[in-house]
Amino acid sequence: MTWHIIGAGSMGCLWTAQLLKAGMKATLLVREQRLRSLNIAHNIARPILTVDEWDGATHRYPIKLNSPESLTDSITHLLVCTKAQDAEAAVQSLAGQLSDQCQILLMQNGMGSQQAIARQFCSQTVWAASTTEGAWMKDALHVCHAGSGSTWVGPVDQEPDDSVWQALKGVLEQLPLDIQFTHQIEQKLWDKLAINCAINGLTALYDCRNGELLNSKERQQRLAALTEEVTQVRQSAGVPGSGNLLELVHQVCRDTAMNHSSTCMDARRGRDTELAFINGYLIEQAEKLGVETPANRRLMKALTELNIR
Ligand code: KPL
C-alpha cells in the first residue's frame, strides 16, 4: 500500500514518518518549486526526513518526494496535511490521479474545508481527523514530535460500508500513534473548533504562548466568552456536547503552555492564517442560526486591524 501525503508541514512530516515506520510506502507531495529546492538542499537522490521524538530519540527516513504536477501514480490513500485554506485546491490538483476507491483523510484545523471536499469528491471516501499530537518544524523535512496525543478519525457526511471502515481502521491501527475511529467526528471537530476559536486568535493578538492566556483575568474572561459562544452555536446547530468546553480549553492551554499556536506562528511570519475556517466558520454558522457572537467578532476585527487574516 502506498500513501500519498500532500503538505510537508509538521503533521505531513510526522505522519509520513509514522507510515514509513509501520512499514508502509509513502510519497510526500510538495509544489514543483519546493520539490526543486528540497532536492537541491539535500543534494541526493533520496532526501532524508528527520523526526525528533518526544522521548528524546531521533529517527531518519529516506523518503520519496514528488509534485502533484509530475505525479503519474493512481492514488488509493491520500492524506491531506495542508492548511485549511489550501486543502480544497490541493485535493483538486490531484483529482485526475484519485482512484474511485480512494480514501481521502483530511487533517485540517477548523471546519468548512472538510465538508466542501466531501461534497465534491463523492465517489471517494472522505475522512476527517482531529488530533492533539504536538509537532513543529525545526527545519525543512525536520520535525519535532513535541508531545504525544490522540487522533480521532471518522467519515465526513457519509457512512462508508463496514468493509471500507474496517480496512482503513486496520491500516491506521498499525501506526505507532493513538488513533481512534468514531462515527461522531463532527463532535470531535467541534471540540477542536472550540479550542482553536479560543486559543489561536488570542495568542496571535497578544503574540504570546498558549499558556500565557491564563496569566491574567482579562485574558481568561476573553477565553471564556469565546468558548461560551462556540457552545451556544454548537447547541443551536444540534451537535451534542461532549463535556465542559471551557475546562477543555484551559486543559489545552496548560498542556501546550510553552507552544506558540499555529496562528500565532503564521501571524509572526506574515502568512495567511486558518482563522477564516476557525472563528470565521463559527461566525458564519452563527449568522445562519441567528446566534450572536460578539466576542468572536471583536477578536476578528482586532486581528484584521493588525493585518492578521
Ligand atoms: O491546534 C492548535 C494550534 O496551534 O493550531 C493548538 C491546540 C492551539 C496547539 O497550539
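This section describes the central sheet of a predicted model, the surroundings of one strand residue, and a set of salt bridges.

The sheet is open and has eight strands. Their order is E5-E2-E1-E6-E7-E8-E11-E12, and the pairing is mixed. Strand E5 (64-66) and strand E12 (178-181) form the edges, each pairing on one side only. On average, neighbouring strands of this sheet are turned by 25° against each other, direction ignored.

Strands of a sheet pair through backbone hydrogen bonds, in either the parallel or the antiparallel sense. Both senses occur along this part of the order, as the mixed pairing implies. E7 pairs with strand E8 (residues 125-131) in the parallel sense, over four bridges. Here Gln-103 faces Thr-125 of E8. The next pair, E8 and strand E11 (residues 150-155), is antiparallel and is joined by five bridges. Within it, Ser-130 has Trp-152 of E11 as its bridge partner. E11 and E12 pair in the parallel sense, again through four bridges. Ser-150 stands opposite Asp-178 in E12.

Two helices can be placed against these strands. Helix H3 (residues 84-92) lies across strand E1 (2-6), strand E6 (75-80) and E7. H3 runs at about 165° to E6. Helix H5 (residues 162-172) takes part in a right-handed β-α-β unit together with E11 and E12.

Ser-99 offers a closer view of strand E7, which spans residues 98-106. The relative accessible area of Ser-99 is 14%. Ser-99 therefore counts as buried, since the limit is under 20%. Its contacts, leaving aside residues up to four places away in sequence, are Ser-74, Ile-75, Thr-76 and Gln-124.

Seven salt bridges were counted in the model. Three of them are described here in turn.

Lys-138 forms a salt bridge with Asp-52. The closest N and O atoms are 2.7 Å apart. This pair links distant parts of the chain. Lys-138 belongs to strand E9 (residues 134-139) and Asp-52 to strand E3 (residues 48-52), 86 residues apart. The two partners fall into separate accessibility classes. Lys-138 is partly exposed, with a relative accessible area of 44%. Asp-52 has a relative accessibility of 11%, so this residue is buried.

Asp-191 and Arg-234 also meet through their side chains in a salt bridge, at 2.8 Å from N to O. Again the pair links distant parts of the chain. Asp-191 sits in helix H6 (residues 185-206), whereas Arg-234 sits in helix H7 (residues 217-236), 43 residues apart. Asp-191 is buried at 10% relative accessibility. Arg-234 is buried as well, with a relative accessible area of 2%. Both values are under 20%, so each end of this salt bridge is buried.

The salt bridge between Arg-297 and Glu-287 has its closest N and O atoms 2.7 Å apart. Arg-297 lies in helix H11 (residues 294-305) and Glu-287 in helix H10 (residues 279-289), so the pair ties together parts ten residues apart in sequence. Arg-297 is partly exposed, with a relative accessible area of 40%. Glu-287 reaches 52%, which is over 50%, and therefore counts as exposed.

Notes
Residues numbered from 1 in each chain as written. Predicted model: local features only at pLDDT ≥ 70, side-chain atom pairs only at ≥ 80, totals over all residues. Heavy atoms only, no water. Buried < 20%, exposed > 50% of the residue type's maximum accessible area, 1.4 Å probe, protein only. Contact = heavy atoms within 4.5 Å. Pairing = 2+ DSSP bridges. Axes fitted to C-alpha atoms, helices over the stretch in contact; angles between N-to-C directions. Right-handed = clockwise from strand over helix to strand, strands pointing away. Salt bridge = Lys/Arg side-chain N within 4 Å of Asp/Glu carboxyl O.
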